[in-house]
Amino acid sequence: ITSSFSTESLERISFYRETTQFVNYVNATGKFSSVQMTGHSLGGGIALITGAQTGIPSIGLSAPNAMLSRKTFDPPLTKAQLDSGVFNIIPDRDPVAHIDDPGQLFQGIQCHAEPNSLFGCHDSVRSLCELIHQCGTDNRPALCE
């Protein structure tokens, strides 16, 4: 009974199935030359899973990874799928982005949030500003503190 209940509960919240189905539909129409996904946090995790399942480029920002849990998805993911085409930006001290192990394509970034701030490093604006600070703006204004 517990196994059946758990399976039904997981199926109800497996949002990646809907995004994967949508990407497959969009690709099948042939109306777009390129489809890509990105997301932050749970949305980033969904983007990584959907990207791995469909082969589209995907970027997660502070997304949970899927290397250890790859066989639990439907269809299961392979290590090769997670090592190519999906990219996660992982701030240090971000508990969400350190769930599971990442594939080969990821970028660790620093976080300058207060040390006692549990989710300060999970802030998308803080992470994007850190990327701008580290990578530069090519003389464009950076709208960060």
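## A walk through a predicted chain

Of the 145 residues in the protein chain, 37% are buried, where buried means under 20% relative accessible area, exposed means over 50%, and partly exposed lies in between (1.4 Å probe, protein chains only). Please keep in mind that this is a predicted model, in which local features need pLDDT of at least 70, side-chain atom pairs count only at pLDDT 80 or more, and totals for chains, interfaces and linings use all residues. Residues are numbered from 1 along each chain as its sequence is written, and side-chain values use heavy atoms, with hydrogens and water left out.

Let us begin with the whole chain. The C-alpha trace spans about 50 × 40 × 25 Å along its principal axes. About 9300 Å² of the protein chain is exposed, and carbon and sulfur atoms supply 58% of that area; accessible areas come from the Shrake-Rupley method with a 1.4 Å probe, and for residues only the protein chains shown count as cover. Among contacts (heavy atoms within 4.5 Å) between residues at least 6 apart in sequence, 45% join residues at least 24 apart.

Next come the building blocks. The protein chain has 5 helices and 4 strands, and along the sequence they follow the pattern α-α-β-α-β-α-β-β-α. Helices (H or I, at least four residues) and strands (E, at least two) are DSSP runs, numbered from the N terminus.

How are the 4 strands ordered in the sheet? They form an open sheet in the order β1-β2-β3-β4, with parallel pairing. At its edges are β1 (37–40) and β4 (106–109), each of which pairs on one side only. Two strands count as paired if DSSP finds at least two bridges between them. On average, neighbouring strands of this sheet are turned by 10 degrees against each other, direction ignored; the axes here are lines fitted to C-alpha atoms, for helices over the stretch in contact, and angles run from 0 to 180 degrees between N-to-C directions. In general, strands of a sheet pair through backbone hydrogen bonds, either parallel or antiparallel.

For one pairing in detail, look at strand β3 (residues 86–91), which is joined to β4 by 4 bridges. Ile89 has Gln107 in β4 as its bridge partner.

Finally, visit Gly45 in helix α3 (residues 42–54). Is Gly45 buried or exposed? Gly45 counts as buried because its relative accessibility is 7%. Leaving aside neighbours within four places in sequence, Gly45 is in contact with Ala63 and Pro64. Phe32 is 13 residues from Gly45 in sequence, and their C-alpha atoms are 23 Å apart in space.
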